Amino acid sequence: MTATPTVHRTPTTKAAAARKWTGRTREYDLVKEFVIALVVVTVLTCALAALFSSPDEKQITISTWSRTQPADFRQTAATELDGSSGTATYGAPYNHTPDAAQKVGPVSLQHIAGVTHPIDTVNDFVVGPLSGVPADSELGAALVQWKGATTDQQKTWASAYDDALTKAEGDLTKVGPGDYGPVPVMLDRLLAMAQSGGLDGALLSQKQFFQTDYTKPLLFIADGSYLEDQARAQHLGGDQWGMMNETGNFPGQAWLWLYTFWYQVSPFSTSGNADALVWGLMALLTLAFVLVPFIPGVRSIPRWIPVHRLIWRDYYRTRRA
Amino acid sequence: MTAPATTSRNWTVRLRNRAVRDLPPEQLMPGEQPVYVASWIYVFGVLTLSAFVVVLVSGGWLAVEGPQWWHTSSTGHFVNSLHLWSVELFMAFMVIHLWGKFFMAAWRGKRALTWITGALCFVGSIGTAFTGYLIQSNFDSQWISTQAKDGLNAAGIGAFFNVTNFGQMLMWHICLLPLVVGIIITVHILQVRRKGVVPPMELDLRDEIPEQVQR
């Protein structure tokens, strides 16, 4: 009786895969293939561009926002002044708000990275721009009163006015009397400045003539509800898979589907640390994706799901024959 | 007299010798491929590369004219459309290429670096596309930047990579990231040429004498 020889498959397969191919070959013109592919892709791109164009939804300015929704603008400005807006309470990298930074377990990379773009919403968004308004004695007196008050007094005035606006749902005629100090005058003038377009420029050019950093005007706009309302109407909200959507019916960043997915499911959808958790998870998954060749199990999936038999079907058929 | 190639201390000569040894001309630009390189899936690699060229050309055109041009010119809008659709094609071709290579287990035979550079190219392309969305200077970029800042800030990245800073994002998008992706693609292609196209799985004994293979 002849013994069947034992052959260990894995090492032999590995060796075969690493060996230089010495079997049959076929003519293959790489340059010709590239040129044809380039022509095909160029024609396809031109056709798609001509047929479907590309979206260009007009930008929102502080001017359009304040003219379209003056109540929302005034309410937002009040929150910037009393320190309760999204930006004022954000934490790093904009300010030092305690416990605002997101964490993964005990680690807060947001806090460790520090405050690198300091924003003082009171002075940067309201008092600073108003200080540049010329020839307005009533505003001048209001600013003198504001600057001469203690921080606690300023906060008391601004919070009282913010609460009154909230109760009145933005309707100035329903705002009851109260100790608001100079705040109503300041916000009246800020609204007028915003509607004239002056605040857009003032927020952008606080440091120098040439400016490309839109952080302040963008954060101010984002603190209001107008921008989000417009985005949600276009299905761009975070809970609407908005990260991979685009305005109109155009394809967006579909490749962000997995990143977007985590925000739709618990515990991420309900966590106050959702961004940090999702980023941590995606960092791990990305590392795993890059290191697939070294991860046992994952690297064997192609053997378990034999799509390769379809890809190399001609070759396998020929060899069997 | 020039020292023998193998023992030369000249950095230039050593680099040239290394390059010629690892990538002789007939291997860098071969006229033949193994017989198993015969499937439509192989086309998606070169389609990805072709789309990358169209992305660079259309993006370069936009860069030459300036970031506001496409809002005010019909030609500019068309070029922006070319850029958008070439990016969509680039990403679509690359994803198909990646899935194809995954199911071929294309990292076999000491080809791990080929897979790694391909995966890094995908990750780098996502970052490049993302910064492109940030510099459209329209409603889309306003919304995306104000939303994306939260994730980046939570990860500590926003401290030095400020998505609401148009100027910074413009430089990343048109200079730094395309350079990084271009270098990764170059290394990836050189790896493919150096190691060759991965052979079919179970090429050796199972196809030849399956009854003798111990499973």
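Start with Thr25(A): in this predicted model, its bridge partner in β1(B) is Pro34(B). That pair gives you a handy place to see one chain meeting the other. Zoom out a little and you'll find that strand β1 of chain A, residues 25-27, is joined by three bridges to strand β1 of chain B, residues 32-34. The two strands run antiparallel.

Now take in the whole meeting of the chains. On the chain A side, 89 residues are in contact with 86 residues of chain B. If you're wondering where to look on chain A, try helix α2, residues 30-52: this helix provides twelve residues, the largest share of the side that touches chain B. As for what that side of chain A is made of, it divides into 47 nonpolar, 25 polar and 17 charged residues.

Next, let's stay within chain B. Its domain assignment gives two pieces to follow: domain 1 covers 39-104, and domain 2 covers 107-196. The C-alpha centres of these two domains of chain B are 14 Å apart.

The two domains of chain B also touch, with eleven residues of domain 1 in contact with twelve residues of domain 2. On the domain 1 side, look for α3 (43-65) and α5 (74-103) of chain B, each of which supplies at least two of the residues touching domain 2. The largest share comes from α5(B), with five residues. Sorted by class, this side of domain 1 of chain B has eight nonpolar residues, two polar and one charged.

Definitions and conventions: Residues numbered from 1 in each chain as written. Chains lettered and ligands numbered in written order. Predicted model: local features only at pLDDT ≥ 70, side-chain atom pairs only at ≥ 80, totals over all residues. Contact = placed C-beta atoms within 7 Å. Helix = DSSP H or I, 4+ residues; strand = E, 2+ residues; numbered from the N terminus. Nonpolar A, V, L, I, M, F, W, Y, C, P; charged D, E, K, R; others polar. Pairing = 2+ DSSP bridges. Domains from an automatic or database assignment.
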